[in-house]
Each structure stands twice: as structure tokens, then as C-alpha cells.
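I set out to record what I looked up in this structure, beginning with its pockets and ending with a single side chain.

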Amino acid sequence: MDIAALRTAHPDHWMRAAAIRVLTLDAVAAANSGHSGMPMGMADVATVLFSKHLKFDASAPDWADRDRFILSAGHGSMLLYSLLYLTGSPDMTLEQVKNFRQLGAITAGHPEYGHAKGIETTTGPLGQGIANAVGFALGEEILRARFGKKIVDHHTWCIAGDGCLMEGLSQEAIALAGRQELSKLIVLFDDNGITIDGKVAIADRTDQLARFAASGWTVLSCDGHDPEDIDRALTEAKASTGKPTIVACKTHIALGSSAQDTAKGHGALTAPDLIAATRAAYGWDHGPFDIPTEIKTWWEGVGARGAADRHPWEDRFATLSAAKQGEFTRVIAGELPKKFPATVKALKKQLAEEAPKLATRVASQKVLEVLNPILPETVGGSADLTGSNNTLTGDMGVHTPESRKGRYIHYGIREHGMAAAMNGLSLHGGLRPYGGTFMCFTDYARGAMRLSALMQRPVVYVMTHDSIGLGEDGPTHQPVEHLAMLRATPNMLVIRPADAVETAEAWAIALEQSKTPSVLALSRQNLPAVRTTHTPKNLAAQGAYVLAEAEGKRQAILMATGSEVAIAMAARDLLQAEGIGTRVVSMPCWELFEEQPEAYRRKVLPAGPVRVGVEAAVRFGWDRWLYGERGKREKGDFVGMHGFGASAPAEDLYAHFGITAEAVAAKVKAML
């Protein structure tokens, strides 16, 4: 690259973009850690995007109708931090930039949602950002259909690199976006041909633009260092109708340095001589972190430019009826309607009286049939298992380009893409996404589910067919280790209800969350009602509670979740018949039980009686309740799975693996 020619052709633009580049060099050098090359390569594209196309107001970073900017190539986080600082975002001070990657700073190694306004999502695991962007764009479409174009009308912009596009998740995301014709989604591809190991060609020969075109996208390209060509491509992208757009921006990683166009340029460029030579090539003769006043002032003007869009929007919003203003404000704030608690209580009362024998996946659908009509912000979906997950209710309507008001999304066989899109829907604001698949396939969705927890987004994962109880599909589909894996995830509620009433309580818990995702582990097989007396209080919200008390002297406590609660109740009958006083504790959500006061946990799990845990899953995690919480090793045992399942009818499998009332009773008697 002829850097001098670039500087001469567009001198003002060059210095404004150079501010991003030198801040990146300075911050990475100060941290002695980071990724310099991507921000250096994409600075020109970002400068044109922010100054001429992105609709935002730095003074009002939460403005509901702002364009969303997602840095899928999250390793280049200094690009985002530099832009936030330069445009005057209130959170991003120069001191924060100087503390890049340091403990307590908001400038984490990869962008983290919640650290600063303007960071729309947590990225770094490649491919997640572009898949989130699909969810953001879907959210914009759904809310625009509901509230009108005068209130919701914005673009989702996403910068993605070669790594994002190599991840399999990207294909799930772009295929979904193409099918849904998300014309307000624009991906800017940092097409620099370099990865950590070397040139992209050593591992990949995919024609990325042909791949996007085949998935239903408009495909454009530009010289990523020519501001006029960038502006042309971005203008054309915004004019696209009926298709999302990718703009391949041909760039040079680590532009202007001796590491340009090399694998070294991907990482931390910290050598003083390299930095000095690069600054000289840029024509930048200012000290570290020193941005000339005229450049900073120009960038702050860019940050203020969006006020000209925001003020008219506020005027339009003020013309809405009070009811519509209130509803928009409610859903953006993530608040439940006032009638929600009473609706749940009435449903619980009905279910307790009817005592239906239902699979909890079917009970879940019955709950949704009551709750979805009063929660127009819910957006449901399934990874091609709608009839099995029972996630669609009659009021929702299927979301398609022809029916944007539809609130149900057919995600296709794309579990990871579904989970990542749901993160985007949640992050957009104004929507409460839930989606279903078989619980075993949380393996496929795991990367995005972890980010739900990390970002504190209350996404609801409806995971059905939760044990060997699914039967004949066999061990490929029977989850045994998944409950333990999900319970090990910080900030995630794993709720495994035992019957229809507990399922209603589980949904209430999940929908009341504001900072925690929930996994509803639901059965394929029918389960008897165990809660037949109505209690207004949400007992499952305590995590665990006494379902049946011992008659006579309490000698045993049986702890169970989900489908095995009924087995524990049957075992209690056997033990009580022999004069062994037995308490049954339903434990639908361990995480919530752990949060209860010590006095309550002691009341539910007192010292003394022998304990048996019952769950059609591996034992991992159960020793906390068997041996801890006043228990003793010689007085605790477990009935459950010790390996993978098998293909057979469910009742045969329970007998084969010894998960029976008789086996539970035998464990108790052996310890007594």
C-alpha cells in the first residue's frame, strides 16, 4: 500500500481514521496485550460508517430507534472503544482507554455487554456477533410491524472478519437472515485474507460472496481504504430491498506497519520501533493517547449528529396515545404487565383442580396458551421441532417477510443459530425470546447459551425430551450429562418441573427474570400430577420445597426433580407402608434453592434422616445435597444414570437402569 498516496488523496479523512489507529497502537502497547491489526485495517470503513451512515446520538446511547452496531470480530475491540471515546460516549473516557484490558476497566479484551453504553453485545467467540445481528434485525422487523415505522425504523450494522465467516454458526445465521429477507441488516466483511496461523488460503478456499449470494443476500464490495468507495457501497447497501446485504471491504490488516498483511499483524503490535515507524508513516507526530483538539472536536460532532434524528423521533413518539406510549415504554424496559401475577395464579389453581396427567412439554404449551396473549413481547420458536417442543400457540402467527407481525420463528435445524439470534432479540430490547429443541442438543447451542448467562440476558430455552424417558430414539438423543453441564454454568437457572403446576411456576420464574437465562427441562412422557392442592405462592421459586411430609418419625428424605418426583412419591408410599417415615422434597431448581436463607434450607433438609437423590441423569452435582447441607456420606445415596441410555420404550428403560420406586426404597432401607 502507498500510505503517502492515501494520506494525500483524502487528508482530512486520513487523520480522523488515524486517530482510531494510534489509539489502538497506544492502548495495546500499554497493556502489552491485544489485537492491533483489525482496528488499523478497518479504521477507514468505521470512520465513513459512523460519520455518514450510522444513526446514533452519543449523548443518548439508549435511544430506542438508534442503529445497532455490532463488532462481531470482537478481538478488534479497540476499534469500538476508540469510536466510543472519540464520539463522546459518556462512559468511555480516555482513562478507560488507557486502562485497556486491565482489572476493573470497562475496556475488556473483548467487548462485554453492560460494561459501557454503545457495546450492544458481548463478542469475541467468533461468529456470535453476526448471529446476534440476525436477532437484532429480526427484533427491528417485529417491533416495526407492531409499533409502526415512525417509531421503529433502524439498521443493524455488523463488522465481521474471516474468522466469523469460517465458524459454522455463520452459515446458520446468514441462511436464516436470507430466508427472512432482513433488508435492514448490513454486514461489513473485513476482507483482509489473514488469520492467526497465516493466510486464509492455508485453511479455506470458500468464495464467501458466492456463499452469501446463494443464501439470499445482496453482495457488494469496496476498497476498504478509499472513503469515497466505502461511502458508495454503504449507500447502496442501505438502498437494498428484500435482502440483507454484505459489503466485502478489501482491507490490509495492520495497515502502514511492518506487520501489514501478515499473521503477526493480527496480534499485539507492541515493539517501540514498529510503533514509532507506523506513527511516522501515518504522519502522526503527537504523543501517546494525544488526540489533537480539531480531530477530537470533529469526532464529537459526529457523535452529536444523531440528535437531528432523535429529536423528531421524540416528537413523533409524543403524538402516540398514552396507552401506546406506555406499552412501548413497558416492553423496552422489560417489565411484565400488571395482570401477569394474577393470570399465573388463576392458571395454577385450574391445573391443581384438574390434576392432568401430562408431559411437561405439553403442560408448557398450555401455560404459553394463557401467557402469550397477555405478553405480546414474547417471540417463540423452535429448531425444526415445533410439534415436539410444543412452543407454538394459536395467537402468535408465524414470522415471515409477508407477515412481520408474526411472533413465531421457524429457525430450521440451526440450534446454535437460534440461540445466538435469541440473544440478539433480547439485547435489542422490547422482546422476550424463547426457543425450543431437544435437551440433548443444548450441545449444539452451548456457545450462545453461555453468552446468555455472561451477558445476563433472560432468554428462555425450552429443552424437551429431557431424559431416557424419551424412549426409543436412544442414547444419541437421551441427555444424561446435560443437567450437570447446564447447572455448572454461572448465572443460569435450570428448572425441571414435575407436573403441570410446577411447569406454570417454572414459566413464571423464567419470565420474571431480568438478568438470568432459564433452561426449562421438560419431559416427553406423561407425568402424574403431584401438586393437587392450590397454593398461591410459587413454591418452585424457592428452588426446593417439601412436597410430602413424613408420617410418623422422619427417617428418610427423598429428593427428586422432574419426572422422577412421581417415582419418589411412589417410593414414599412403599416406605410408609413399612412404617418408615419419609419426606419427599421436589427440587425443580437447584440454583434458586442455593439462594434461599440457611434457615429455610435447614428446614427442608434437616440433619438426621438418610437421603436419596432421584434423577434420570448422572450423579454429578448431587453430592452437594446428599452429603452437604447437614447430610453425611454414610447416610446419602443416589438413584439415577451412571452411563449412556439405550433404545427402548421409556418404561423398559426405567426398569433396566434401576430408576424405580422399589430401587429407591431399597436404598433407604439399606442405609437404615
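Entry one, a pocket. I looked up the second largest pocket of this predicted model and found that it holds about 270 Å³ of space. I counted 19 lining residues, with His75, Leu126, Gly163, Ile194 and His266 nearest the centre. Helix H7 (162-166) and strand E4 (194-195) are the elements that each give two or more residues to this lining; H7 has the largest share, three residues. By class I noted seven nonpolar, nine polar and three charged residues.

Entry two, the largest pocket. I noted a volume of about 840 Å³. Of its 37 lining residues, Tyr113, Ile332, Ser426, Leu427 and Arg457 are the closest to the centre. Helices H14 (322-333), H18 (415-428) and H19 (442-455) and strand E10 (432-438) each supply two or more residues. The lining divides into 15 nonpolar, 12 polar and 10 charged residues.

Entry three, the cores. I found 68 residues in the largest nonpolar core, and Phe50 is among those that touch the most other members. Helix H2 (residues 11-31) contributes the most, 11 residues. A second, separate core has 67 residues, including Ile142 and Leu486. Beyond its sequence neighbours within four places, I listed contacts of Phe50 with residues including Phe56, Phe69 and Trp299.

Entry four, lysine 55. I located lysine 55 in the loop between helix H3 (37-53) and strand E1 (68-71). I entered lysine 55 as buried because its relative accessibility is 15%, under the 20% cut-off. Its side chain makes a polar contact with the side chain of aspartate 65 at 2.9 Å and reaches the backbone oxygen of aspartate 153 at 2.8 Å.

Note on methods:
Residues numbered from 1 in each chain as written. Predicted model: local features only at pLDDT ≥ 70, side-chain atom pairs only at ≥ 80, totals over all residues. Heavy atoms only, no water. Buried < 20%, exposed > 50% of the residue type's maximum accessible area, 1.4 Å probe, protein only. Polar contact = N/O pair within 3.5 Å; in protein donor to acceptor, adjacent residues only side chain to side chain. Core = buried A, V, L, I, M, F, W, Y, C linked by side-chain atoms within 4.5 Å. Contact = heavy atoms within 4.5 Å. 1 Å grid on protein atoms, 1.4 Å probe; cavity = no way out; pocket = protein on both sides within 12 Å on 5 of 7 lines; lining within 4 Å. Points joined across faces, edges and corners; volume = space filled by probe spheres on them. Nonpolar A, V, L, I, M, F, W, Y, C, P; charged D, E, K, R; others polar.
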